[in-house]
Amino acid sequence: MARRPIDDLDPVEWAELVNRTWIVHNNLNNSAQDWMDYLDSLEDGRLVPSCEIARAMCQVRDPLDDPKPWFYAGLFHLATADEARRFLPNHRVTRATIPTMVDDDAVLLWLDRITPETRVLLDRLRAAIQQVGK
């Protein structure tokens, strides 16, 4: 496959560009930009790895999969539980992929009610995160 100009962007520029191109529910794109701005202001070393994980998640997904859940699961992977609650109040799939949210009561309650299709997606996202998020 030929390289595209987007492939040459640094991870943060890539993530910001990709995030701006999508139409998403509940302003997830705004939450994602706020997340990246927040990480940039913290200067704790998580911004670039978060964007790298988002890119890697998009690369490991099946080409027929919607890339958005993969991207956002990767982007928010390094969030603390408090950060996930703050930046993802209405984004259950993404919250459920974050390791610090595994025992969260709201996530556990939601997991008891999801469809088999959502469970399959969540399991695939979690498995991929284990691969690329190290």
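**Loops, helix packing and salt bridges in a predicted model**

N26 is placed in the loop between α1 and α2. The model is a predicted one. In it, N26 has a positive phi of about 50 degrees, although N26 is not a glycine. The loop between α1 and α2 also holds W22. The relative accessibility of W22 is 17%, so W22 counts as buried; the cut-off for buried is under 20%. Leaving aside residues up to four places away in sequence, W22 touches N29, P67, K68, F71 and Y72. One of these contacts, P67, is 45 residues from W22 in sequence. In space, the C-alpha atoms of W22 and P67 are 9.9 Å apart.

A positive phi also appears in the loop between α2 and α3, which is the place of E43. The phi of E43 is about 55 degrees, and E43 is not a glycine either. The relative accessible area of E43 is 72%. E43 is therefore exposed, as the cut-off for exposed is over 50%.

Helix packing was examined next. Helix α1 spans residues 11–21. The axes of α1 and α2 come within 9 Å of each other. They cross at roughly 160 degrees. Angles over 145 degrees count as roughly antiparallel, and α1 is therefore roughly antiparallel to α2. The crossing of these two helices is left-handed. On the α1 side, the contact involves A15, E16 and N19. On the α2 side, it involves N29, A32, Q33, M36 and D37. The contact of α1 with α2 is mixed in class: 3 residues are nonpolar, 3 are polar and 2 are charged.

Helix α2 also packs against α3. Here the angle is about 145 degrees, and the axes are 9 Å apart. From α2, the contact is made by W35, M36, L39 and D40. From α3, the partners are L47, S50 and C51. This contact has 5 nonpolar residues, 1 polar residue and 1 charged residue. M36 appears in the contact of α2 with α1 and again in the contact of α2 with α3.

N30 is another residue of helix α2. Its relative accessible area is 43%, so N30 is partly exposed. N30 and E83 are 53 residues apart in sequence. Their C-alpha atoms lie 15 Å apart in space.

Attention then turned to charged pairs. Side chains of opposite charge can pair when their charged atoms come close. A search of the whole structure finds 6 salt bridges. One of them joins E83 and R46, with the closest N and O atoms 2.8 Å apart. This pair links distant parts of the chain, with the two positions 37 residues apart in sequence numbering. E83 sits in helix α5, which covers residues 81–87. R46 sits in the loop between α2 (28–42) and α3 (47–60). Both partners fall under the 20% cut-off for buried. E83 counts as buried because its relative accessibility is 8%. R46 counts as buried because its relative accessibility is 14%.

A second salt bridge is formed by the side chains of R124 and D65, at 2.5 Å from N to O. This pair, too, links distant parts of the chain, 59 residues apart. R124 belongs to helix α8, residues 116–132. D65 lies in the loop between α3 and α4 (67–75). The two partners have separate accessibility classes. R124 is at 32% relative accessibility and so counts as partly exposed. D65 is at 18% and so counts as buried.

D104 and R95 also meet in a salt bridge through their side chains, at 3.5 Å from N to O. Both of these residues are buried. D104 and R95 take part in a network of salt bridges, which links them with D82 and R85.

Technical notes. Residues are numbered from 1 along each chain as its sequence is written. This is a predicted model: local features need pLDDT of at least 70, side-chain atom pairs count only at pLDDT 80 or more; totals for chains, interfaces and linings use all residues. Side-chain values use heavy atoms; hydrogens and water are left out. A salt bridge is a side-chain nitrogen of Lys or Arg within 4 Å of a carboxyl oxygen of Asp or Glu. Helices (H or I, at least four residues) and strands (E, at least two) are DSSP runs, numbered from the N terminus. Buried means under 20% relative accessible area, exposed over 50%, partly exposed in between (1.4 Å probe, protein chains only). Axes are lines fitted to C-alpha atoms, for helices over the stretch in contact, and angles run from 0 to 180 degrees between N-to-C directions. Angles under 35 degrees count as roughly parallel, over 145 as roughly antiparallel, 65 to 115 as roughly perpendicular and the rest as oblique. A crossing is left-handed if the near helix is turned anticlockwise from the far one by less than a right angle, and right-handed if clockwise. Contact means heavy atoms within 4.5 Å. Ala, Val, Leu, Ile, Met, Phe, Trp, Tyr, Cys and Pro count as nonpolar, Asp, Glu, Lys and Arg as charged, and the others, Gly among them, as polar.
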